[in-house]
Number of protein chains: 2
Amino acid sequence: MSRAAEDGIARAALSRLFEPSDTVGMALVAVVGPIQALRIVRGETAVCSADRRLLREALDLPDGARDPLEEGLARWGPRVNDLAPARDLATLERLGGRLVTPETEDWPEALDDLQLARPLCLWVRGRAAIPEQARIAAIVGSRDSTAYGASVATELAAGLAPRGYSVVSGGAYGIDAQAHRAALASSQESDIPPTIALLACGVDRYYPAGNEELLRTIASRGLLVSEVPPGSSPTRYRFLQRNRLIAALSAVTVVVEARWRSGALNTAHHAAGLGRPVGAVPGSVHSVNSAGCHRLLRDGSAVCVTDAADVAELAGPLGSEPFGDRSTEGGEERRVQDGLSIPDLLLLDGLPLHASTTVDKLSVVAGLSARHVIGGLARLELAGLAVRTAGGWRRQKG
Amino acid sequence: MSRAAEDGIARAALSRLFEPSDTVGMALVAVVGPIQALRIVRGETAVCSADRRLLREALDLPDGARDPLEEGLARWGPRVNDLAPARDLATLERLGGRLVTPETEDWPEALDDLQLARPLCLWVRGRAAIPEQARIAAIVGSRDSTAYGASVATELAAGLAPRGYSVVSGGAYGIDAQAHRAALASSQESDIPPTIALLACGVDRYYPAGNEELLRTIASRGLLVSEVPPGSSPTRYRFLQRNRLIAALSAVTVVVEARWRSGALNTAHHAAGLGRPVGAVPGSVHSVNSAGCHRLLRDGSAVCVTDAADVAELAGPLGSEPFGDRSTEGGEERRVQDGLSIPDLLLLDGLPLHASTTVDKLSVVAGLSARHVIGGLARLELAGLAVRTAGGWRRQKG
């Protein structure tokens, strides 16, 4: 079995153990890798004191704090005996799905912006690849939408699909369902899936039941995506966590209707926190279902959008050139450093070529927190620029 | 006759000669004063070359430019023979009105922000004083308002009156009329007029005819205000110019409904240009009458407002403490320099106490353009800090 396949099985198993955004679990994976993390959780191996220290650093814990791993192991323990990643992956394959992980080619790099809240893996159902971030627009809103909200969601999604955007939403009743349906209806022949439903439950489940037909259609013509394995139920916590994935995957997040307190605002705030543009659709000041949108507009968290052209403009210049081939744009070859953030470039500069170094030392050399160093090393490793060694890390040769 | 009364008569006359925002006329008044300006326009005296030069400087004209005064005199000439300021003032008095000028005590200082576009005078009908800017909120919008816009205008005005705000609008059909009516209905005993109609015609005229009843009520319980004398008709130009006065008088300007192109947007842009906060009421994306509001929201010219509390918040801290007596706030005496802008303070510093100086010299000493010097001298004169002399200007003694 290849290393990537082994990593995938380990991540599949861990995604049943760790709830979404379990930062201790994610830090453990960042420090020791998924295979070793799974062995530790299973009690097959101990954590060396150096790794324990790295873990504390990754979590920004003070010296006197309780051992995060101890609490984590207590949390994960009860689920260890139920692990059957091979069976889960077989279920996924039967459904025409595949596991997408940071080690696979089709991993959406946009999710790396979530840092320690990055998902372990994505359980994906559907044939198409997940489009690049610039080609995804999130349309979210109330489950109890009004006729007004439903019609606007339809217009936006119907206008975005022909512009080359995949519409991502949560598969729920109301605005979500309208957006998915309109995107499906307006899709044309292209390699971009018309719509993506980000689920809070396993991709084998159809929740809510009234949307089963819709979700089946999305599975065959679009994509069903979840960070929790098949069979998982949609808990309130998972719904809220799912929102961060909608925000992180998309170039723009649009709230069509939302009450003063609403899950859609949670998605909007995730998007804003990630520096992604947020749009809000205005409506009657007398509609409680627009109060949340007006709140976003008033506090400056969102820009006023009234049609698909507004949304496309907000998504940015990349998004306004659908189907353009930018891989050879300008005729220049992609350089090694391209696409790296400044901290990651600092980190790359600090990595020795002929010896190994530790997170501690890199932290000093690059002037970054241990947490950033660990996240950055994972990204550099994925980019083939850093190598994990017995003694720590070094730069990839050649 | 007192100097102030003479000034008033001259301004009354000039307000029939000059169309609103006739900057050449206003610059002439700024350079030589209203009485002398009227004599010049009447051909009773010539303009000395020094004043001509000041005029060019005030208008920021290059040396080679055509003489602005020549063109002005050609423009004003045809109206000179019809001047009858005493008759106009008598008409105003008969209607229970009075002339408010920069020389009278109740001049709204907020209008000075208009600089050369400041009105010559205000023809005011109604008993109450014009409230200070912090106590005025403008509510404007389409004449062809929808039921939605009408109800929101009513709610806003009805909510602002008990908070101590006078509602200013344009006396037109639609949003304007709704705002005036609601303000009248919600007014309580206070020394603040419930509503102020800023007219594009003389205050003796009821335009549009369908609003006669409303305008008569405003004349008796609120204020009718215009910069053009009795009998003047409402031209398209005067409507647009009137909008700048609505914006300048108010602490906040709210657009309730507006089409993509609308006079209400003109008012909003005047307000934004003066640094006044602008609010826009959201509405259906399918309503053409909300398209202008959404345009303001989208381009960042306006803040989203949904109720009177939002508007009051936008009006700022002064506005949120209605009826508060701030004249002795903090127990400190008001100092001479208080309330002066930095350029005006520079100007005051440059004014000699024992000799006279010219605009030219002050321009050099204070480091300000001639235009700013002339505007600033007018403000300092009003504040009793500067005195006009035969040789130019000096600081007021004592």
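A nonpolar core, as I use the term here, is a set of buried Ala, Val, Leu, Ile, Met, Phe, Trp, Tyr and Cys residues joined through C-beta atoms within 7 Å. I should also note at the start that this is a predicted model.

**Entry 1: the core**

I began with the largest nonpolar core, which holds 239 residues. Which of its residues touch the most other members? I found A137(A), I139(A) and V255(A), together with A137(B), I139(B) and V255(B). As background, I reminded myself that in soluble globular proteins nonpolar side chains tend to be buried together.

I then picked A137(B) and listed its contacts, leaving aside neighbours within four places in sequence. The partners are L160(B), Y165(B), V167(B), S250(B), A251(B), V252(B), V254(B), V311(B) and A315(B).

**Entry 2: strand β3 in chain A**

Next I looked up β3(A), residues 136-140, and found five of its five residues buried. Which residues lie on each side of β3(A)? I136(A), A138(A) and V140(A) are on one side, with A137(A) and I139(A) on the other, and both faces are covered.

I followed β3(A) to a partner, β4(A), residues 166-169. The two strands pair in the parallel sense over three bridges. One pair I wrote down is A138(A), whose bridge partner in β4(A) is V168(A).

**Entry 3: the sheet of chain A**

Stepping back, I traced an open sheet of nine strands in chain A. I read its order as β1-β2-β6-β5-β4-β3-β7-β8-β9, with mixed pairing. Which are the edge strands? They are β1 (97-100) and β9 (303-304) of chain A, each pairing on one side only.

At the β9 edge, I saw that β8(A), residues 278-280, runs parallel to β9(A) and is joined to that strand by two bridges. There A280(A) has C304(A) as its bridge partner.

I also noted a hairpin: β10(A) is joined to β11(A) through two residues. Here the sense is antiparallel, and residues 386-389 pair with residues 392-395 over four bridges. In this pairing T389(A) is matched with G392(A).

**Entry 4: helix α7 in chain B**

I checked the length of α7(B) against expectation. Its 14 residues should span 20 Å at 1.5 Å a residue, and the end C-alpha atoms are 20 Å apart, so the two agree.

The buried residues of α7(B) are G149(B), A150(B), V152(B), A153(B), T154(B), L156(B), A157(B), A158(B) and L160(B). What covers them? The list includes β3 (136-140), β4 (166-169), α8 (175-186), β7 (252-255), α12 and α13 (308-315) of chain B.

**Entry 5: where the chains meet**

I then turned to the contact between the chains, where 15 residues of chain B meet 15 residues of chain A. On the chain B side, the elements giving two or more residues are α7 (147-160), α12 (288-298) and β9 (303-304). The largest share, three residues, comes from α12(B). I sorted the residues of this side into eight nonpolar, four polar and three charged.

How does chain B lie on chain A? A turn of 180 degrees with a shift of 0.0 Å along the axis does it, at an RMSD of 0.2 Å. The two copies are therefore related as by a two-fold rotation axis. The same surface serves both copies, as 100% of the contact residues of chain B recur in chain A. In chain B, G283(B) comes closest to the rotation axis, with its C-alpha at 2.2 Å.

**Entry 6: helix α16 in both chains**

Last, I looked up α16(B), residues 370-382. Its 13 residues should span 18 Å at 1.5 Å a residue, and the ends, taken at C-alpha, are 18 Å apart, which agrees. Is this helix enclosed or exposed? I found 11 of its 13 residues buried, so α16(B) is largely enclosed by the rest of the structure. Among them are H372(B), V373(B), I374(B) and L377(B). After the helix comes G384(B), with a positive phi near 75 degrees.

In chain A, I chose I374(A), which sits in α16 of that chain. I374(A) is buried because 24 other C-beta atoms lie within 10 Å, and 20 or more is the cut-off. Beyond its neighbours within four places in sequence, I374(A) is in contact with A30(A), V31(A), L54(A), A58(A) and V359(A). I also noted D360(A), 14 residues from I374(A) in sequence and 9.9 Å away in space, C-alpha to C-alpha.

Technical notes: Residues numbered from 1 in each chain as written. Chains lettered and ligands numbered in written order. Predicted model: local features only at pLDDT ≥ 70, side-chain atom pairs only at ≥ 80, totals over all residues. Expected span 1.5 Å × (residues − 1). Buried ≥ 20, exposed ≤ 12 C-beta atoms within 10 Å, placed from the backbone. Least-squares fit on C-alpha atoms with pLDDT ≥ 70 in both. Contact = placed C-beta atoms within 7 Å. Pairing = 2+ DSSP bridges. Nonpolar A, V, L, I, M, F, W, Y, C, P; charged D, E, K, R; others polar.
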